[in-house]
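Here is a short report on a protein model with its ligands. It covers the overall fold, the spaces inside and two backbone details.

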Amino acid sequence: MSQEVLQTTIDFFCSHQNDVEFTWHGGEPLLAGMEFYREVSKLQKQWISRGKKISNFIQTNGSLVDDEWAELFKEIGFFVGVSLDAPASVHNRLRTFGCGTSSLSYVLRGISKLIEKNIFNGVICCVGKRNFNKPREILDFFLDQGIKSIKFLRIKGDEQEAISASQYADFLFQIFNLWIEIDNPDLEIRDIKSIVDILLGGEFRECTFTGRCDQFATVYNDGSIFPCDRFINEPRLRFGTVFEPYTKVLIGENFQAFLAEMRVTKELCHGCCWSSLCNGGCFKERLSNEKGNICRANQKLFEGIESALKKYGLLV
Ligand code: SF4
Ligand code: SF4
């Protein structure tokens, strides 16, 4: 991303919002280099001094994180999430360097440096054919590494690796039961935490349960704006660019069509007893061919978790 696009992106959002969260993604975002993030911090400080609240998250494969990177992220206040698959045998198969060597030891080294600096934002672990039937091994692996914040992501679309919505919901339910069994208050499984928290009247919600996909935007290298990164380069969802006035983008045809489509899909939830929890779910998934299966799988998961919470006397 050029200096011009970077500055314009920061100005575009910070000039119209009081509380902005930036998440830096790649490819591998550390390849942008340390100077890039120093510049980000410098540009954002101009807005912070005007009273804006700005947070930064970065999602990396972790293999490049060393003392210098950890020190920099600590200094500029970035929280760092790492992509790490589990158990180790699965990571070793799926995440290798060009030469075929596993990245695992480098990733774990990076995570330990982030934990040391107190800027570790947990792992994202992909769940597919190789590991959906290994929930206990997955949690044991993470806990052995001192990793207590986990988000799971279902692998879709890849014939070799993908699992169905129903297999994924069953996996999450087993993870929920293990989480209860382990009974470690520091262990945060973000997908489960959202459901439990909402059922118990709390407020923690992953984006999937907010019903506010319009609050997320992805800016590409050329400054073009799309919804969240699940909608990679879908031309009908290109809202405009950061070089246009903010209000022009908001009243633009594509953004308005996106809002209307969100409203219509949400209306389909009318009558579903889980709508106050689920809020229409992930908009990207609601547009997919498997939306019916996803709903059925999620409803079964919600029911299972609700019954268990009642059984444990946590919910009446
Ligand atoms: S489970 Fe399906 S129908 Fe029910 S609220 Fe969620 S998305 Fe809507
Ligand atoms: S489309 Fe899905 S992933 Fe994207 S913001 Fe909405 S809920 Fe989140």
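In which loop is P87 found? P87 lies in the loop between β3 (78-83) and α4 (88-94). The model is predicted, so every value below is computed from predicted coordinates.

**Backbone details**

The peptide bond from A86 to P87 is cis. Its omega is near -5°. A second detail concerns N118. N118 is not a glycine, yet its phi is positive, about 65°. N118 sits in the loop between α5 (104-117) and β4 (120-127).

**Overall fold**

The protein chain holds 13 helices and 9 strands. Its radius of gyration is 20 Å, close to the 20 Å that the globule rule gives for 316 residues, so the chain is as compact as a globular protein of that length. The C-alpha trace spans about 55 × 45 × 40 Å along its principal axes.

**Ligand 1**

Ligand 1 sits in the second largest pocket. The residues around ligand 1 are C269, C272, S275, C278, G280, R286, C295 and Q299. Two helices, α11 (275-278) and α13 (291-311), each supply at least two residues of this shell.

**Ligand 2**

The shell of ligand 2 is made of C207, T208, C213, F216, C228, R230, F231, C282, F283 and K284. Its class make-up appears in the table further down.

**The second largest pocket**

The pocket that holds ligand 1 has a volume of about 820 Å³. Its lining counts 39 residues. T208, C282, E285, I294 and N298 lie nearest the centre of the pocket. Six elements are named as giving two or more residues to the lining: β5 (149-154), α7 (165-182), α8 (190-199), α11, α12 (283-286) and α13. Of these, α13 gives the most, with 7 residues. The lining also draws on two domains. Domain 1 (1-163) and domain 2 (192-316) each contribute at least three residues.

T208 and C282 belong to the shell of ligand 2, and both are among the residues nearest the centre of the second largest pocket.

**The cavity**

The structure holds 1 cavity of 30 Å³ or more. The largest cavity has a volume of about 80 Å³. Its lining is G211, C213, M262, T265, K266, N279, G280, G281, C282, F283 and R286. The elements that give two or more residues to this lining are α10 (253-267) and α12. The largest share, 3 residues, comes from α10.

Some lining residues recur around the ligands. G280 and R286 line the largest cavity and also surround ligand 1. C213, C282 and F283 line the cavity too, and they are in the shell of ligand 2.

**Residue classes**

The table sets out the classes for the two shells and the two linings.

| Site | Nonpolar | Polar | Charged |
|---|---|---|---|
| Shell around ligand 1 | 4 residues | 3 residues | 1 residue |
| Shell around ligand 2 | 7 residues | 1 residue | 2 residues |
| Lining of the second largest pocket | 21 residues | 7 residues | 11 residues |
| Lining of the largest cavity | 4 residues | 5 residues | 2 residues |

R286 is part of the shell of ligand 1. For ligand 2, the shell includes R230 and K284. In the largest cavity, K266 and R286 are among the lining residues.

Key
Residues are numbered from 1 along each chain as its sequence is written. Chains are lettered from A and ligands numbered from 1 in the order in which they are written. This is a predicted model: local features need pLDDT of at least 70, side-chain atom pairs count only at pLDDT 80 or more; totals for chains, interfaces and linings use all residues. Side-chain values use heavy atoms; hydrogens and water are left out. A residue is near a molecule or strand if one of its heavy atoms lies within 4 Å of it. On a 1 Å grid over the protein atoms alone, a cavity is a set of points where a 1.4 Å probe fits but cannot get out, and a pocket is an open set with protein on both sides within 12 Å along at least five of seven lines; lining residues have an atom within 4 Å of a point. A molecule sits in a cavity or pocket if more than half of its atoms lie within 2 Å of its grid points. Helices (H or I, at least four residues) and strands (E, at least two) are DSSP runs, numbered from the N terminus. Ala, Val, Leu, Ile, Met, Phe, Trp, Tyr, Cys and Pro count as nonpolar, Asp, Glu, Lys and Arg as charged, and the others, Gly among them, as polar. Grid points are joined across faces, edges and corners, and a volume is the space filled by probe spheres set on the points. Domain bounds come from an automatic or database domain assignment. The radius of gyration is taken over C-alpha atoms; the globule rule is 2.2 Å times the number of residues to the power 0.38.
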